[in-house]
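Q: I am new to this structure. Please take one part, the pocket, and look at it closely. Then show me what lies around it.

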Amino acid sequence: GMQDWQKLSDQLMNQTADTQAAEQQVGLPQLNTDLRDLQNLSKSQTAKYIQGIQNLEVKGGAAINVNAKEAFLNRQNAIDSMLTNSLISAKSGDIQTAQSQVDRAISLKYDPIKQQIQNKLDFLKLNADNLSRADKKLADAKSTQLQLQLKQIDEQQQTAKDIQSIALEA
């Protein structure tokens, strides 16, 4: 009956909270923070390197001396950048792994609920002719509400994923 619908509906309402809890559990917020820190480090390394080159150019001095220093700086920067970039891609990999663990966990829990709702919606469509006017009104209102809910939850999940991929691309 209708209280049945309400129960399914209520179960779905926890999806966003559960998703956030799962993200906490696999350490996603911290992974994202780490990634941002590494990205900032990469930016400051680049800035420092450029500054170093500019300082050398300003000082001028014996060309040989400048070239030796520049070569050294170049080498150092290349090494720093490579290390930082490999850390960035490792961290991005960790984040993608964590995110897919979250997605799997949430799907396992919520896909069956969504399927039940979809089954009920299908059932209502098929049996619309056999319902009384009052029941039909109620069923229409309920199915509209449930469809809206399914849509909202899918949108929230998508938003969470988008935020995740923006973090990875930065």
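**The pocket and its surroundings**

A: Start with the walls. Helix 2 (15–25), helix 3 and helix 5 each give at least two residues to the lining of the largest pocket. Keep in mind that this is a predicted model.

Helix 5 supplies the largest share of that lining, seven residues. In total, 16 residues line the largest pocket. Nearest its centre lie T19, Q20, E23, A160 and I163. The space in the largest pocket comes to about 290 Å³.

What is the lining made of, by class? Ten of the lining residues are polar, five are nonpolar and one is charged.

Now step back to the chain that holds this pocket. The chain has five helices and zero strands. Read from the N terminus, the elements run α-α-α-α-α. The chain counts 170 residues, and 28% of them are buried. About 11,200 Å² of the chain is exposed. Carbon and sulfur atoms supply 56% of that area.

How do distant parts of the sequence meet? Take the contacts between residues at least 6 apart in sequence: 86% of them join residues at least 24 apart.

Next, the enclosed space. The structure holds one cavity of 30 Å³ or more. Helix 4 and helix 5 are the elements that give two or more residues to the lining of the largest cavity. The space inside the largest cavity is about 40 Å³. Its lining consists of T19, Q99, V102, D103, I106, Q157, A160 and K161. Two of these names have come up before. T19 and A160 line the cavity, and T19 and A160 are also among the residues nearest the centre of the largest pocket.

Helix 4 gives the largest share of the cavity lining, four residues. By class, the cavity lining has three nonpolar, three polar and two charged residues.

From the empty space, turn to the packed part. The largest nonpolar core has 22 residues. Helix 1 (2–13), helix 3 (28–59), helix 4 (63–127) and helix 5 (133–169) each supply at least two of them. Helix 4 brings the largest share, ten residues. Within this core, L12, I113 and I117 have the most contacts.

Which residues does I113 touch, leaving out those up to four places away in sequence? They are L8, Q11 and L12. L12 thus appears twice: L12 is a contact of I113, and L12 is also one of the residues with the most contacts inside the core.

Three single residues complete the tour. For each one, neighbours within four places in sequence are left aside.

First, S42. S42 sits in helix 3. Is S42 buried or exposed? S42 has 17% relative accessibility, so S42 counts as buried. The cut-off for buried is under 20%. S42 is in contact with T84, N85 and I88.

Then K91. K91 is found in helix 4. K91 is buried, because its relative accessible area is 17%. The contacts of K91 are L31, D34, L35 and L38.

Last, L131. Where is L131 placed? L131 lies in the loop between helix 4 and helix 5. L131 has a relative accessibility of 28%, so L131 counts as partly exposed. Partly exposed is the range between the buried limit, under 20%, and the exposed limit, over 50%. L131 is in contact with L124, K136 and A139.

To recap, return to the pocket. Helix 2, helix 3 and helix 5 each supply at least two residues of its lining, with helix 5 giving the largest share. In the cavity lining, the largest share comes from helix 4. Helix 4 also supplies the largest share of the nonpolar core.

Definitions and conventions
Residues are numbered from 1 along each chain as its sequence is written. This is a predicted model: local features need pLDDT of at least 70, side-chain atom pairs count only at pLDDT 80 or more; totals for chains, interfaces and linings use all residues. Side-chain values use heavy atoms; hydrogens and water are left out. A nonpolar core is a set of buried Ala, Val, Leu, Ile, Met, Phe, Trp, Tyr and Cys residues joined through side-chain atoms within 4.5 Å. Buried means under 20% relative accessible area, exposed over 50%, partly exposed in between (1.4 Å probe, protein chains only). Contact means heavy atoms within 4.5 Å. On a 1 Å grid over the protein atoms alone, a cavity is a set of points where a 1.4 Å probe fits but cannot get out, and a pocket is an open set with protein on both sides within 12 Å along at least five of seven lines; lining residues have an atom within 4 Å of a point. Grid points are joined across faces, edges and corners, and a volume is the space filled by probe spheres set on the points. Ala, Val, Leu, Ile, Met, Phe, Trp, Tyr, Cys and Pro count as nonpolar, Asp, Glu, Lys and Arg as charged, and the others, Gly among them, as polar. Accessible areas come from the Shrake-Rupley method with a 1.4 Å probe; for residues, only the protein chains shown count as cover.
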